[in-house]
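User: Please take a close look at one helix in this model and at one residue within that helix.

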Amino acid sequence: MHLILTGATGLVGSGVLDAMIKMKDVTKITILSRRPVRMAEDAKDPRINVIIHKDFEKYDPELLSRLKGASGCVWALGVSQTLVTKEEYWKITKDYALEASKAFETLASEQEPFNFVYVSGGGAMTQPGRFTALYARVKGETEMALAAMRRANPSYHANSVRPGYVDASKHDAIKPYIPVQSLLYRSLNPVIGPIIRHGAQFAWSPTQDLGRFLTEMAMGRYKDQFKAKDIQMEGEFPILENTAFRRLMGLDSK
């Protein structure tokens, strides 16, 4: 199975890449990235093909021809709203994902649906209020736009997953490759991390499990398990909360 990955140099994307490499059912991995992906280079895996792609709002016929045959994508491309302007955050979080979706839906057919997995985030809101945080509003709007695309094209199986506290503390395979976190994060993590891991596991998203789950979603798995309280359905478009990911992966008993 041929899968596409974006955001491979980030925290979530690194976990996904590690999962894809370890899964024998994944026969080809195409990474779209602005820069070389060191983890992919070090893996020396012939299944991996890194395409340096500078403009995530444009997908020309030559690029799409190289993606032909792909059956799914994990869209892990993203940025913290604290690192860019409001306008840049809208573009990176929403516009990039939607432009990619418009391009990737051309890869879908009635016989071979395309699975687009949008990595959203806990707290995203499809019905934002006046005081909703920027990230929650933008991710929620992106989810609703993807839901509309799925309604218009039943062969384009877009969905969204909302991770919680993404944690690579026990994922040694990706530690050399994940981005350096901010000073504030490094200061708070030793305090917050243990609390979530032991006292609020419903919000815990270990990268090793999350990466595998997102990969399996891109492979079209779990489609018959979307009727649950922690999965919001917008038409046929499922939005999975972190508790749904944990439950489906067997991390929680309920």
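Analyst: The helix comes before the residue here.

This is a predicted model, in which local features need pLDDT of at least 70, side-chain atom pairs count only at pLDDT 80 or more, and totals for chains, interfaces and linings use all residues. Residues are numbered from 1 along each chain as its sequence is written, and side-chain values use heavy atoms, with hydrogens and water left out.

Helix α7 covers residues 207-218; helices are DSSP runs of H or I with at least four residues, numbered from the N terminus. From first C-alpha to last, the 12 residues of α7 reach 16 Å, close to the 16 Å expected at 1.5 Å a residue, where the expected span is 1.5 Å times one less than the number of residues. Nine of the 12 residues are buried, and α7 is thus mostly covered; buried means under 20% relative accessible area, with a 1.4 Å probe and protein chains only. The buried set consists of T207, L210, G211, F213, L214, T215, E216, M217 and A218. After α7 comes G220, with a positive phi near 90°.

T207 belongs to α7. T207 counts as buried because its relative accessible area is 2%. Neighbours within four places in sequence aside, T207 is in contact (heavy atoms within 4.5 Å) with L11, G15, V166, D167, A168, H171 and I174. With H171, the T207 side chain makes a side-chain polar contact of 2.8 Å; such a contact is a pair of N or O atoms within 3.5 Å, one able to donate a hydrogen and the other to accept it, and residues adjacent in sequence count only if both atoms are side-chain atoms. The C-alpha atoms of T207 and V12 are separated by 6.5 Å, although the two residues are 195 residues apart along the chain.

Terms used: Helices (H or I, at least four residues) and strands (E, at least two) are DSSP runs, numbered from the N terminus. Buried means under 20% relative accessible area, exposed over 50%, partly exposed in between (1.4 Å probe, protein chains only).
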